[in-house]
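Open the model in your viewer and keep the selection panel at hand. The tour goes from a pocket to a pair of helices.

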Amino acid sequence: MAIGHMNISQRGIDFIKEHEGFRAQAYKCLVTEPYFTIGFGHYGSDVKFGQVITKAEGEALLKQDLERFVAAVNRYDYH
């Protein structure tokens, strides 16, 4: 039986934000990393050196990042 459609709640997003923490300016945890991280843990080639974002932009990026994990859960077949 497929589970239908699940999504992450705002409470779940707030939990992630609380534990991840917010960084407004792009940074690298390790200098050897190919990409920068920003906001609430958004990492990728779209984050540039010197980039600065607001908390609202950080939450939007987090929600965008979570979409692929929500989609993966929704693809899972619970037989």
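This is a predicted model. Begin by selecting strand E3 (42-44) and helix H2 (55-75), each of which supplies at least two residues of the lining of the largest pocket. Of the elements here, H2 gives the most to that lining, with six residues.

Next, select the lining itself: Phe40, Gly41, His42, Tyr43, Leu62, Gln64, Asp65, Leu66, Arg68 and Phe69. The space in this largest pocket comes to about 160 Å³. Colour the lining by class, and five residues are nonpolar, three polar and two charged.

Now keep H2 on screen and add helix H1 (residues 10-20). At what angle do H1 and H2 pack? The angle is about 110 degrees, and the axes are 11 Å apart. Because angles from 65 to 115 degrees count as roughly perpendicular, H1 is roughly perpendicular to H2. The crossing of H1 past H2 is right-handed.

To see the contact, show side chains on both helices. From H1, select Gln10, Ile13, Ile16 and Lys17. From H2, select Glu59, Leu62, Lys63 and Leu66. By class, this contact has four nonpolar, one polar and three charged residues.

Finish on Leu62 and Leu66 of H2: both line the largest pocket, and both take part in the contact with H1.

Methods:
Residues are numbered from 1 along each chain as its sequence is written. This is a predicted model: local features need pLDDT of at least 70, side-chain atom pairs count only at pLDDT 80 or more; totals for chains, interfaces and linings use all residues. Side-chain values use heavy atoms; hydrogens and water are left out. On a 1 Å grid over the protein atoms alone, a cavity is a set of points where a 1.4 Å probe fits but cannot get out, and a pocket is an open set with protein on both sides within 12 Å along at least five of seven lines; lining residues have an atom within 4 Å of a point. Grid points are joined across faces, edges and corners, and a volume is the space filled by probe spheres set on the points. Helices (H or I, at least four residues) and strands (E, at least two) are DSSP runs, numbered from the N terminus. Ala, Val, Leu, Ile, Met, Phe, Trp, Tyr, Cys and Pro count as nonpolar, Asp, Glu, Lys and Arg as charged, and the others, Gly among them, as polar. Axes are lines fitted to C-alpha atoms, for helices over the stretch in contact, and angles run from 0 to 180 degrees between N-to-C directions. Angles under 35 degrees count as roughly parallel, over 145 as roughly antiparallel, 65 to 115 as roughly perpendicular and the rest as oblique. A crossing is left-handed if the near helix is turned anticlockwise from the far one by less than a right angle, and right-handed if clockwise. Contact means heavy atoms within 4.5 Å.
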